[in-house]
Amino acid sequence: MELTSEQEDTLKELLNIGIGKAVSTLNTMVQSHVQMSIPTIKILTLDQLINEKYNLEDDKILSTVQISFDGTISGLAGLIFPAESALKLVDAITGQNPLNSEFDEMKIGALTEVGNILLNSVMGSISNVLKDHFTYSIPQYIENTVGQLFKPNTTSEEIILLVEARFTVEKLKIDGNLYMVFEIGPFEILVETVDQLYKEA
Amino acid sequence: MRVFDGLKQPFDILDSIPMGAFILQKDFIVLFWNKQMEGWTHFPRKEILGTNITSYYPHLTEAKYLSRIQTVFEDMSPIIFSSQLHKQIIPCSSLKDGSLQIQKTTVTPLTHENNGEVYALFIVEDVTEISRRIKNYQEAKDQALKKVEEHKTTEKALKESEERFNLVLKAADIAAWDWDVKTGDTVFDEHWAGMLGYLLEEIEQNVSTWEKLLHPDDKSKVMKVLNRHLEGQTPFYETEFRMRTKSGEWLWILVRGKVIARDKDGKAIRMTGTHLDVTDRKLAEEALQQRFEELAKARKASLNMMMDLERARDQANTAWREAERANQAKSEFLANMSHEIRTPMNAILGFAEILTTKVKNKENQHYLSSIISSGKTLLTLINDILDLSKVEAGKLSLKYSVVDIRLILKDMQSIFSQKVDENNVNFIMNIDSDLPRALLLDETRLRQIFLNIIGNAVKFTESGYIKLAVHIINPNKDKSKLDLKFCIEDTGIGIADDQKEAIFESFKQHKDQSHSKYGGTGLGLAITKRLVEMMGGKIILESELNKGSTFSVIIHDVDIPSGIKKQKDTSFDSSVIHFDKAKILIVDDISINRMLLKGYLDNYELTLLEAADGKRAIDMAKQFLPDLILMDLKMPVMGGFEAAKILKSHAETQSIPIVIITATVREDIEKLVPDACDGYLRKPTSKSQVIQVLTRFLSHSIQEKTIETPSENNLLPMTPEIMAKLPELITVLEGDVTDLWKNVSAVLNISHIKDFANHLMSLAAEYQYQPMDLWAKELVSRADIYDTEGITKTLLRFPKLIEALKASLTSD
């Protein structure tokens with residue numbers, strides 16, 4: 001499935017609103033000011049995601065925070081950090097020395113909360129647009145490969161929305177990438193809504 | 001989630017979980033508070049239910065809690081407060097040590113089945129213990145890691161140090177040995193053997209190897225040093241000795257070592273050390289030592305020399321300073337004395353001159369003449385010296401007037417012609433035909449220059465020629481100026497190279513110039529050089545010993561006056577002046593000066609008044625209204641200037657001319673005089689100067705002398721008429737004139753000489769005998785510049801003049 005540039009722009013704006021909200025929430029909690037770039041969006045099949053990798057090596061264990069949601073549309077939203085980026089971000093927001101760090105229980109907790117904030121904000125934006133309340137699962141921290149992130153019954157043809165954004169913490173000279181994957185079904189509903197939004201605007 | 005179904009107390013189940021749990025309404029009113037919360041917070045459920053939780057925990061209104069909790073109600077999305085980011089959401093004491101719990105809180109939305117109201121369920125986990133353990137673990141791990149890191153660093157450093165040490169040994173060419181003192185077993189390293197040209201296998205690992213290769217001459221010294229260290233008397237063992245290499249050469253070895261183990265009696269057990277090949281250094285040192293000794297010797301010698309030089313320089317400096325002081329003193333003395341010298345000279349000469357007309361006794365007259373002539377000679381010398389010191393002090397100024405160089409040169413020719421003829425020397429004149437008739441020059445000084453240079457040429461040339469040439473060397477220049485070059489070339493004795501500069505110095509005479517033979521003060525050329533320089537010119541000397549000399553005088557930028565004026569007659573004959581009756585007031589505090597002036601003016605029909613100071617002068621001027629006032633400057637009570645000013649400011653005395661007579665040497669007096677006065681005279685004054693000034697202000701008549709001037713040019717041919725009268729002239733010359741000549745020669749009075757010369761000139765005119773006219777003119781020229789030497793010589797030629805006259809008769 002291809003998105004028109006209007007659809008893509010609208011979707012990007014939608015996601016951007018959610019991320020902006022998440023960042024402002026994050027910055028109320030932490031000492032270091034975190035900035036996020038405007039996200040890039042790709043529509044892929046799961047196969048494409050796994051095969052083309054997009055900087056996510058599938059044989060590598062990734063740090064992910066996931067929530068599942070259910071409503072007009074249902075699916076899975078996941079935040080994926082390359083290990084290095086995850087550590088950097090956590091160390092930045094918890095104010096710890098980024099050297100000698102190890103991914104322990106406490107840090108996992110922090111990362112889960114960060115994921116919780118980001119995913120909730122983005123999903124909140126989407127649910128606002130769809131004028132529907134979703135039911136969410138409690139966010140979970142999972143270490144796994146890209147291919148294993150999704151439910152066992154997810155087919156390789158399933159449409160995946162891949163969002164890539166770059167975060168920077170200027171004060172600590174830290175930056176890194178984060179990815180969000182949304183397995184949304186049926187994806188068409190979202191696209192239709194997005195189209196409508198565009199027409200209304 | 002539909003949790004409200006069928007339960008009367010729907011949340012009681014939460015009392016049975018081992019975690020804190022409470023439920024908030026959208027308005028933060030507490031709907032439920034489980035037993036665990038009661039236990040942790042000590043707030044009983046009854047009390048807290050129905051109240052707003054922020055009244056117990058106000059921090060929940062902070063944005064970082066509030067905004068997130070609100071998303072639970074709005075989006076119905078579950079949220080997590082992690083322990084890392086929040087520590088705790090509901091502060092309560094930990095059971096163990098009273099510190100605050102660390103909590104992990106999960107908030108999930110609950111929806112009322114009937115009205116769709118949303119509630120937030122908070123599940124609070126106490127993770128204090130697990131946090132502590134993780135923290136401990138983290139710390140322990142960090143420490144362990146740090147230790148491992150440190151160990152790694154140390155190990156690495158050690159390894160590096162060892163490697164470096166080996167490298168250093170190798171790079172520094174240092175060999176090592178390890179000696180078991182008791183057994184003699186010694187570990188020599190590869191380099192130790194290699195240094196001496198051996199392979200390690202070739203040498204026995206025993207101290208005897210070293211002893212065998214040691215130079216026998218060095219053995220006793222080395223052993224002494226070694227034993228002292230072995231006995232513990234020295235902290236290190238260090239010395240130098242020679243060792244034989246495999247190829248039989250001797251190497252210088254620097255050994256350093258130390259006993260590293262001793263037994264309980266203090267006896268050395270083990271000793272280690274190094275060998276370093278210092279042969280090159282040793283040889284260099286020896287060479288250096290040798291060189292150093294040579295240098296030290298040289299240095300000592302040069303030091304002595306320097307000290308001698310220093311001493312000499314000190315002496316020279318001292319001498320120079322003394323000379324400088326002396327010279328300064330001399331200049332000051334001369335400057336100060338010129339006035340003092342001239343004043344008495346003025347008196348001596350003046351009064352002597354006056355006496356000549358009064359003394360009738362012949363013998364006394366003779367004495368008087370001697371006084372005058374000696375005085376004038378002395379004055380000439382003084383003038384020379386003063387001239388020089390004035391030039392040196394920059395006080396002499398040139399007085400430019402319109403001058404015809406041709407006339408001057410002709411005078412020169414006539415002055416020197418006799419002498420030149422005697423010596424059989426040709427006097428050649430070569431004057432550039434373009435030379436203007438009139439040029440602006442200082443005639444007196446120019447004559448002085450010519451007299452000096454030509455005089456020298458004549459003096460030192462006994463055969464050959466003297467050539468006098470005048471060239472315009474820069475004819476293309478602007479027509480108002482030109483450059484002149486005078487060359488005076490002679491074939492005389494010449495001047496040696498080492499004398500060429502010296503002859504221009506003061507008081508120096510030509511080395512071979514015997515004073516008895518040539519005479520002179522030695523100031524002539526010094527003054528000449530300075531005069532030329534003052535005129536903006538230079539004097540160049542080319543000369544070869546025994547061949548001759550050429551003096552070239554170059555004067556730049558000589559002005560050509562626009563309208564050619566007739567040259568002023570500088571000679572002034574006071575005897576022809578006759579003043580009409582007049583009153584003259586003489587003002588001077590020194591009576592001798594007044595008497596002198598009175599003496600000068602005695603023979604005229606003048607009434608002379610005297611005043612001793614300015615004030616008295618004013619009174620007398622008012623009373624007698626003189627026709628002229630001669631005024632001295634420096635006087636007690638009131639000086640001359642002041643008096644002159646006052647006189648000029650009074651109507652009745654305003655028109656009386658005032659002539660200042662002063663001994664001051666200040667050049668700028670000329671600038672001052674015209675304002676207050678009408679003229680000035682500088683002491684010493686001569687009679688003719690005084691009379692000449694008076695003629696400017698007093699009415700007078702001139703009784704012209706009727707002397708026919710002979711034509712200036714070549715000798716006229718002797719006509720038979722002239723020839724006929726010559727015997728008569730001889731009689732006159734040999735009679736009265738010879739007597740006069742003897743008199744004049746004996747006393748050398750300038751005015752007598754001039755009178756004598758004038759007398760001869762009139763005779764020459766009368767008999768039309770030109771050589772005598774030329775001779776007399778030379779005499780006058782010399783008298784004009786007080787050239788006593790020249791005067792004497794010219795006078796001595798008088799008999800020859802007569803002989804020549806006789807000869808001219810007999811030859812024809």
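**Exercise 1. Composition of the two chains**

Task: State how many helices and strands chain B contains, and how many chain A contains.

Solution. In this predicted model, the secondary structure of chain B amounts to 25 helices and 24 strands. Chain A, in turn, has 5 helices and 8 strands. Their order along the sequence of chain A is α-β-β-α-β-β-α-α-β-β-β-β-α.

The next step concerns burial. Chain B has 812 residues, of which 43% are buried. For chain A, 54% of its 201 residues count as buried.

The last step concerns contacts in each chain between residues at least 6 apart in sequence. In chain A, 73% of such contacts join residues at least 24 apart. In chain B, the corresponding share is 61%.

**Exercise 2. The interface between chain B and chain A**

Task: Determine how many residues of each chain are in contact, what area the chains bury between them, and which elements of chain B supply at least two residues each.

Solution. Begin with the residue counts: 26 residues of chain B are in contact with 28 residues of chain A. The size of an interface is often expressed as the accessible area lost when the parts come together. Here chain B and chain A bury about 2300 Å² between them, and 58% of it lies on carbon and sulfur atoms.

Next, consider the polar and charged pairs. There are 8 residue pairs in polar contact between the chains, counting pairs with both residues at pLDDT 80 or more. The count of salt bridges between chain B and chain A is 1. That salt bridge joins the side chains of Glu113(A) and Arg68(B), with an N to O distance of 2.5 Å.

Now assign the side of chain B that touches chain A to secondary structure. At least two residues each come from α4 (63–75), β3 (79–81), α5 (83–86), β4 (103–111) and α6 (128–171) of chain B. The largest share, 7 residues, is supplied by α6(B). By residue class, this side of chain B divides into 10 nonpolar, 10 polar and 6 charged residues.

**Exercise 3. Salt bridges within chain B**

Task: For Glu443(B) and Arg447(B), state in which helix both lie and whether they are buried or exposed.

Solution. Side chains of opposite charge can pair when their charged atoms come close. Over all chains, the count comes to 26 salt bridges. In one of them, Glu443(B) pairs with Arg447(B), and the closest N and O atoms are 3.0 Å apart. Both residues belong to helix α13 (residues 443–460) of chain B, where they stand 4 residues apart, about one turn of the helix. Both are buried.

Task: Explain why the pair Lys598(B) and Glu610(B) ties together parts of chain B.

Solution. First, establish the pair: the side chains of Lys598(B) and Glu610(B) form a salt bridge at 2.5 Å, N to O. Second, locate the partners: Lys598(B) lies in helix α16 (residues 591–601) and Glu610(B) in strand β20 (residues 606–611) of chain B, so the pair ties together parts 12 residues apart in sequence. Third, consider accessibility. Lys598(B) is partly exposed because its relative accessibility is 29%. Glu610(B) also has a relative accessible area of 29%, and is therefore partly exposed.

Shared partners occur as well: salt bridges join Glu240(B), Arg281(B), Lys282(B) and Glu285(B) into one network.

Task: State whether Asp497(B) is buried or exposed.

Solution. Asp497(B) forms a salt bridge with Lys500(B), at 2.9 Å from N to O. Exposed means over 50% relative accessible area. Asp497(B) has a relative accessibility of 62%, and therefore counts as exposed.

**Exercise 4. A buried charge without a salt bridge**

Task: Identify the nearest side chain of opposite charge to Asp432(B).

Solution. Asp432(B) is placed in the loop between β12 (425–431) and β13 (439–441) of chain B. Asp432(B) is buried yet has no salt bridge. The nearest side chain of opposite charge is that of Arg406(B), 6.8 Å away. A salt bridge requires nitrogen and oxygen within 4 Å. Beyond its neighbours within four places in sequence, Asp432(B) is in contact with Arg406(B), Val470(B), His471(B) and Ile472(B).

**Exercise 5. Helix α15 of chain B**

Task: List the buried residues of helix α15.

Solution. In helix α15 (residues 524–534) of chain B, the buried residues are Gly524(B), Leu525(B), Ala526(B), Ile527(B), Thr528(B), Leu531(B) and Val532(B). Just after α15(B), Gly536(B) adopts a positive phi of about 80°.

Terms used. Residues are numbered from 1 along each chain as its sequence is written. Chains are lettered from A and ligands numbered from 1 in the order in which they are written. This is a predicted model: local features need pLDDT of at least 70, side-chain atom pairs count only at pLDDT 80 or more; totals for chains, interfaces and linings use all residues. Side-chain values use heavy atoms; hydrogens and water are left out. Contact means heavy atoms within 4.5 Å. Buried area is the accessible area (1.4 Å probe) that two parts lose on being put together, summed over both. A polar contact is a pair of N or O atoms within 3.5 Å; within protein, one must be able to donate a hydrogen and the other to accept it, and residues adjacent in sequence count only if both atoms are side-chain atoms. Ala, Val, Leu, Ile, Met, Phe, Trp, Tyr, Cys and Pro count as nonpolar, Asp, Glu, Lys and Arg as charged, and the others, Gly among them, as polar. Buried means under 20% relative accessible area, exposed over 50%, partly exposed in between (1.4 Å probe, protein chains only). Lys and Arg count as positive and Asp and Glu as negative; His and the chain ends are not counted.
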